[in-house]
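Me: I have a new structure open and would like to learn how to read it. Could you walk me through its features, one at a time?

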Amino acid sequence: MDSQLLEEEFVKRVQSGAKIESNDWMPDGYRHLLIKLIHMHAVSEIMGVYPEKEWVPKAPNLRRKLALMAKVQDEMGHGQLLLRIVEDLAAPYGKGREELLDDLVEGKVKFHNVFHMEARTWADAGLIGWLIDGAAIINQASLLSTSYAPYARILKRICAEESFHMQHGENVILSIAMGTDKQRKMLQDSLNYWWYSLLFFFGPLETTPAAQKMLHYRIRTKTNEELRQKFLAKYVPRIWSLGLTIPDPTLHYDSKEERWYYTEPEWKTFQKIVSENKGPKSQERIALRRFAQDQHKWVRLAMTTEV
Amino acid sequence: MEKQTEPSSVYEVFVQRDHLDPMIHVGSLLAPTSELALQLARENFTRREQVLQIWVVPRIHIQSAEEADFHAREMDRSYREVSGYTENGRLWRMFKEKEITLEEIVRYVEQKKQSKNDLHREEGHES
Amino acid sequence: MSHETNSLVPDQLTEQQRLILVDWLIQLADDEFIIGHRDSEWLGLCPTVEEDVAFSSIAQDEVGHAAFYYELIQELEGVSADYLAFHRPAHERKNSLLVERENGDWAYTIVRHYLYDLWDQIRLDAMVESSYVPLAHGAKKMKREEYYHLIHFQHWFTRLAKCEGEARERMKHAMELVEQDLDDLLDIGVIESDLISWGILTKPPVEMRSEFYSQYKELCKDLSDGSERRIIFSKQVSKGRMGQHSPALASVLENMTEVIRFDPNAQW
């Protein structure tokens, strides 16, 4: 069968709900998109460690300290699970763990905009747990129906672990929201700082050719905007209920059109942060990753040396 | 003199029933080679069901923990469990809201049947 | 009842017994808390992604054990576990100097933690039959959890020590650094004889230390350069149990209390 026919057959299968395993034949285009998507997902989990990790030493009581350690550990664990998926996909290209992590240090793979930002206060650490994890969970839940079975299986596990993250994030925020004026002010300030990063997190309004291709292959089944709308529907009422002000006076729900209207984030500014690693904390955090990669080469060598 | 045959060894058998399921251990069998172990596993373990994949693994290649203490989890770890945060529901009620659960999000994103509560929430958006 | 079983009952302790017991519990709690804190600093920086996850569980276990000891003190002193963990100044802390040192490289981290855990194991063994029943109960549980720590660090230690080249050199250097703090770690302070006479510990510290040093000598063989080590325990150098600490602890505490200091009236 020529490759044109194979491709058509493949697309017909995935569009009718078939799942693909790592050893199945797949078009190069499908493999490339999966590698790109899951590699970015994996390194985003790993880069997501740093903003919260900074607050582990400062966590204000024993329970918070333990919970934050466990939560950050889970992020690293998700990175591990996802890297393994990418490693299997990238094996035909001779790429393994070292290369995939080197790509991060060398700026060849991007990570989510939110992890380029600064976690300035304990409220920021809490808000990351509540809203950024909330956004990530909506995104991940939408990928549960992906056509690539190994990814779907791992996402199932990731989502199960995220249910602790959700409760933990809410609990931290609720404590601050019920607290002193100083605490509430800290929380409002945090929402102001993160709001547009959160909106950007779901990606541009228009469906790019790459995104179109992912929908075509059923790697994704929802558009960016659909997911953003779902996030707003679930979280805006709760943000309001805490007495917080969302820094967007135009934000409202149109019940006739059944959609949220909002002021768009400055797409270009945020895009630059992601594509050029030019966020407030991009370089500092990549340097931490570089430390883990470079300073431990001797350890990894020793681990694989025949004694 | 008869020729000495290869002694059979133990293979552990795993099957996967659905793309979203993990490999599940279903038992073991004796076979002289891994090729034959795989063929025998098909009839010894899955003759009555449709499966997606079968794995056979030589038992000698399986490393397992010998000490019970290896698995010890003795101290309180509720800080890393959903069950450690049951107060969230009560706290949200003070703000006239309710906590979000993962199940609710998955159901909502996949647009499966929504609970009355979810629908009610969406109607109440125009504030 | 306490008379018959020789066990110490929380609300029937003499003032002297309570003071001694609290002093000992603070040593244990502070050791576990500070090493768990140092371990947690490795989050995101371990040699492999897999080890990062595994190491964090050990960090959590140590902080969890600290929480257990702080809660025992809370019952005796009426001061909250969180207060004990977060609000005491450096000079009131009784952790050993070893656990407060900065993390250094992976070799130092492994050597420090392995030797610390070997000592911790000996301590726990001496407490599983303790006359203070809440402590005996906890020691049994913690001993079970420490089993995993020990085999994990033993694996790392042996692996790195037996490698030629950079790994071995780093391990040797780490051993030299850790060795300087061993006497401080093994010291129990002036309360030693009371701990034994009241049965809080069931093994004399002298024996505990000799057990430790014989294990230590075995480990040195892995890194041996032929010279015989002379190990004599000396209380003279001990500072940590007296509340005398390095600047490293002050900076840990400064960092640790940032949120608390932001609004002292707040609940977090």
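Reply: Happy to! Keep in mind that this is a predicted model. Let's begin with the surface of chain B: its accessible area comes to about 9,200 Å², and 50% of that belongs to carbon and sulfur atoms.

Me: How many of the residues of chain B count as buried?

Reply: A residue is called buried when its relative accessible area is under 20%. In chain B, 32% of the 127 residues count as buried. You can also look at contacts: among those between residues at least 6 apart in sequence, 36% join residues at least 24 apart.

Me: Which helices and strands should I look for in chain B, and in what order do the elements run?

Reply: Chain B holds 4 helices and 3 strands. Starting from the N terminus, you will meet them as β-β-α-β-α-α-α.

Me: And how do I read the sheet that the strands of chain B form?

Reply: The general idea first: strands of a sheet pair through backbone hydrogen bonds, either parallel or antiparallel. Here, chain B has an open sheet of 3 strands in the order 2-1-3, with antiparallel pairing. The edges are strand 2 (24-31) and strand 3 (53-58) of chain B, each of which pairs on one side only. On average, neighbouring strands of this sheet are turned by 30° against each other, ignoring direction.

Me: Over how many bridges do strand 1 and strand 2 of chain B pair?

Reply: Strand 1 (residues 9-16) and strand 2 of chain B are joined by 7 bridges, in the antiparallel sense. To find one on screen, pick B:Tyr11: its bridge partner in strand 2 of chain B is B:Leu29.

Me: Which helix lies across the strands of chain B?

Reply: That is helix 1 (residues 34-45) of chain B, which lies across strand 1, strand 2 and strand 3 of chain B. Helix 1 runs at about 120° to strand 2 of chain B.

Me: Let's turn to chain A. What does its radius of gyration tell me?

Reply: The idea is to compare the value with what a compact globule of that length would have. For 307 residues, such a globule would have a radius of gyration near 19 Å, and chain A, at 20 Å, agrees with this. Along the principal axes, the C-alpha atoms of chain A fill a box of roughly 70 × 65 × 35 Å. The secondary structure of chain A comes to 13 helices and 2 strands.

Me: What share of chain A is buried, and what about its contacts and surface?

Reply: Buried residues make up 62% of the 307 in chain A. Of the contacts in chain A with a separation of 6 or more, 77% are between residues 24 or more positions apart. The accessible surface of chain A is about 11,500 Å², with 53% belonging to carbon and sulfur atoms.

Me: Where in chain A can I find a positive phi in a residue that is not a glycine?

Reply: As background, most residues other than glycine have a negative phi. A:Glu258 has a positive phi of about 55°, and sits in the loop between strand 1 (252-254) and strand 2 (259-261) of chain A. A:Asn277 has a positive phi of about 50°, in the loop between helix 11 (267-276) and helix 12 (282-294) of chain A.

Me: Are A:Glu258 and A:Asn277 buried or exposed?

Reply: A:Glu258 is exposed, with a relative accessible area of 61%. A:Asn277, at 7% relative accessibility, counts as buried.

Me: How do I read the interface between chain C and chain A?

Reply: Look at the residues in contact and at the area buried. Here 50 residues of chain C are in contact with 46 residues of chain A. About 4,200 Å² is buried between the two chains, and carbon and sulfur atoms give 69% of this. On the chain C side, C:Leu43, C:Val49 and C:Trp268 lose the most area to chain A, together 18% of what that side buries.

Me: To finish, what surrounds C:Phe157 in chain C?

Reply: C:Phe157 is found in helix 7 (residues 133-161) of chain C and is buried, at 0% relative accessibility. Leaving aside neighbours within four places in sequence, its contacts include C:Ile110, C:Met171 and C:Leu219. Another contact is C:Tyr114: it is 43 residues from C:Phe157 in sequence, yet their C-alpha atoms are 7.5 Å apart in space.

Notes. Residues numbered from 1 in each chain as written. Chains lettered and ligands numbered in written order. Predicted model: local features only at pLDDT ≥ 70, side-chain atom pairs only at ≥ 80, totals over all residues. Heavy atoms only, no water. Pairing = 2+ DSSP bridges. Axes fitted to C-alpha atoms, helices over the stretch in contact; angles between N-to-C directions. Contact = heavy atoms within 4.5 Å. Rg over C-alpha atoms; globule rule 2.2 N^0.38 Å. Buried < 20%, exposed > 50% of the residue type's maximum accessible area, 1.4 Å probe, protein only. Areas by Shrake-Rupley, 256 points an atom, 1.4 Å probe, with all protein chains shown as cover. Buried area = accessible area lost by both parts, 1.4 Å probe.
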